[in-house]
Amino acid sequence: MSSIPAVSFQNVSKIYSSARGEVRALQGVGFDIPQGEFFGLLGPNGAGKTTLISILAGLSRASGGQVRVHGHDVVSDYALARRCLGIVPQELVFDPFFSVRETLRIQSGYFGIHRNDAWIDELLHNLGLADKANANMRQLSGGMKRRVLVAQALVHRPPVIVLDEPTAGVDVELRQTLWQFIARLNKEGHTVLLTTHYLEEAEALCSRIGMLKQGRIVALDRTANLLAGTAHSMLRFKTDDPLPASVSARARVTGRIAQVSAHDAQDVERTLSALHAANVRVEDLEIGRADLEDVFLAIMQGGTPPAAPVEAGPVTALQSATRGARS
Amino acid sequence: MTRAISTPASGGLGLDGARTLFRKEILRFWKVAFQTVAAPVLTAVLYLLIFGHVLEEHVQVYGQVRYTSFLIPGLVMMSVLQNAFANSSSSLIQSKITGNLVFLLVTPLSHRAWFVAYVGASMVRGLVVGLGVLLVTMWFAPLSLAQPLWSLVFALLGAGMLGSLGLIAGLWAEKFDQMAAFQNFLIVPMTFLAGVFYSTHSLPGFWQQASRLNPFFYMIDGFRRGFFGVSDVSPWTSLAVVGVSFLLVAALALRLLRTGYKLRH
C-alpha cells in the first residue's frame, strides 16, 4: 500500500464573515486517511463536516491550512486532486434536461473519459438503475435520484469516494444496495470518506472514525477502540412514567424508550433501585454495552471520551494533542 | 489487506472536458428548440411584418435600400446577440439555482475550458437563431450579400461577446430577478438602440453621437455592411471597437471564472 495518504488535512481552518462578525466553521483540523480505509466523519449539524468536504472537493476554499488528495494539493494541483475524488453531494440535485445514461456519459466526459458505457452499465446494474437508464431525471423518485448521484460520483472510477450523508431519507433497500456496492469498492482498494447521522451505519462500515464538534476534531480513533474505550453499560427499557432526577440526568429518552448509562454492576443496581423507589413501571428491560451513538453523545456532551490506545493508522500531532487535552 | 487504487492519469486534461461541456450546452438548448430557436425566429418575423408594414412606404435608407431590406440584417444580428446572451446566462443561473452546477465544479475542467464551452455553445445558438431568422425573412424583401465576410466576422464576434457577457451575468446573478434586470435594463435597450430599426444617420446630432458610445451599434452596422456594402461608419472602425470590446469582456469573464467568483466560496 502506498505511504501517501489518500486524503490529508493539515491544520485546516475556515472563517466566514457575516453581519454578526466572524464565524469559525473549522479550526485547525488535521488528520490523514490512508489509502484503502473506510473512514467515518461524524458530528452534529453545524459541526463543519460539509464545510470540510466542500474544501476537499474544491467547492469551498480554506482560510488556512492545506488539503491533499493522493498527494495533490486541492488548490494548486486541483485537476489531479479532483480526478482522484468522487463526491456524492448531500443535496438531491439533478439536471432536468437529460436521461440517466446521458447524465452519466456527460459526467464521464468532463473527466475526459469517453466510450465508458461498459462501466456505466455496471454502475447502473449495481445500483439497481438498469431499467431506468433511458428515463429522464425528472421522472425518477427521490431514492432513484440518490442512486444516480452515487453513479455520477463513481463514473470516472475515482480512488477516493466521498459520501456526504448519502442515505439521508432513503429506504432500507437502497441503503443495503448502496452499502454492499460501496463495501465492495472499498475491498477493491477504494478509499471511502463517509459522513452520516446514522451512527449504526458508521459503526458497521467504518474502520476509523473522526468526530467534529464546533469545527474542531474532538475524537479520532479506530472504531473498535472508540467502542472499547467506553466502560459504560446501557440500561434500555420502556416506561410511561417520569424518571427520577437522579436517573434522568444520565438518561436519553425517545418516546417511551429510555436509555440510561451505568458504569458498573453496582451502578445498574442503584439505577434500578432509584426507579423502583420512584414507582416507575419498567417494561422490556435490557442491559447491553454502549454503542457508537453512546460514545458519540458522551463526546459531544463533553463527557469522558474513550481512552483506548490507537490500534493502527497514522496518529497526527493534533490527535495526540486532543487526547492530551481530554485526559 | 486491500490493494491501493492508483492516481488516475492526467492525459487530455481540460480540452476533452471542454468538448463534453460544449456538447452538453448545445444539447441543452436543442432539447427545448421550440423555446430557444423557433420562438425567437417567430418574434423577429413579427417585428419585420409590423415595422415593415408601417414604415416600408415612408423610409428609405442609404439612398436606395428599401426599409424592409434594411431591417432584415438588423433583426438577424439582434437575434444573434440576444440569443447568445440568453444561452450562457440562463444555463448558468439555472444550474446555480437548482444546484446541479456542483457536478461541473467537482471536475478538473479549467477556467479556460469553462469559457470555451459556454461561450462556444452560446455562439452556436446565436448563429443558429440568426440563420433561422435570415432564412425566414429573406423572402420578404430583396437582399444581397455584397461583402459577406464582414457579416460573418461581426456575427462571430458579436455572438462571442454576448456569450461572454451572458457568462458574466450568469456568474453575478443569484436569482432570476437579477438576471431579468440585467437582460431587460442592459441587453435589450443596448440592442434596440444600436440601429436595428433605423440608420443612426436619421437621428439628431446628439443621439447620433450617443449611439457611437454603444458597442452594439458597431456590431449591427458592421454586420449590415456585409449585405449592402455601405454602413454608417467604416467597418474597420467597427471591427476595432467590437474586437477590443470582446477582448475586454472575455478577459473579465475569464478572470471571474479563474477566481471562482460566486462559485467557490
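This note covers the chain contact, the main nonpolar core and one helix of a predicted model.

1. The contact between the chains. Chain B puts 30 residues into the contact, and chain A puts in 35 residues. On the chain B side, two elements give two or more residues each: α1 (15–30) and α4 (102–105). The top contributor there is α1(B), with six residues. Sorted by class, the side of chain B that touches chain A holds 12 nonpolar, 12 polar and six charged residues.

2. The nonpolar core. The largest one has 150 residues. Residues of both chains appear among those with the most contacts inside this core: A151(A), V162(A) and M219(B). Helix α3 of chain B, residues 67–98, supplies the largest share, 15 residues. As background, nonpolar side chains tend to be buried together in soluble globular proteins.

3. Around A151(A). Set aside the neighbours within four places in sequence. A151(A) is then in contact with five leucines: L104(A), L123(A), L124(A), L127(A) and L129(A).

4. The length of α3(B). Does the end-to-end distance agree or disagree with the expected span? At 1.5 Å a residue, the 32 residues of α3(B) should span 46 Å. The end C-alpha atoms of α3(B) are 45 Å apart, so the two values agree.

5. The setting of α3(B). Of its 32 residues, 27 are buried, so α3(B) is largely enclosed by the rest of the structure. Buried here means that 20 or more other C-beta atoms lie within 10 Å of the residue's own. After α3(B) comes G99(B), with a positive phi near 90°.

Definitions and conventions. Residues are numbered from 1 along each chain as its sequence is written. Chains are lettered from A and ligands numbered from 1 in the order in which they are written. This is a predicted model: local features need pLDDT of at least 70, side-chain atom pairs count only at pLDDT 80 or more; totals for chains, interfaces and linings use all residues. Two residues are in contact if their C-beta atoms, placed from the backbone, lie within 7 Å. Helices (H or I, at least four residues) and strands (E, at least two) are DSSP runs, numbered from the N terminus. Ala, Val, Leu, Ile, Met, Phe, Trp, Tyr, Cys and Pro count as nonpolar, Asp, Glu, Lys and Arg as charged, and the others, Gly among them, as polar. A nonpolar core is a set of buried Ala, Val, Leu, Ile, Met, Phe, Trp, Tyr and Cys residues joined through C-beta atoms within 7 Å. A residue is buried if 20 or more other C-beta atoms lie within 10 Å of its own, exposed if 12 or fewer, and partly exposed in between; C-beta atoms are placed from the backbone. The expected span of a helix is 1.5 Å times one less than its number of residues.
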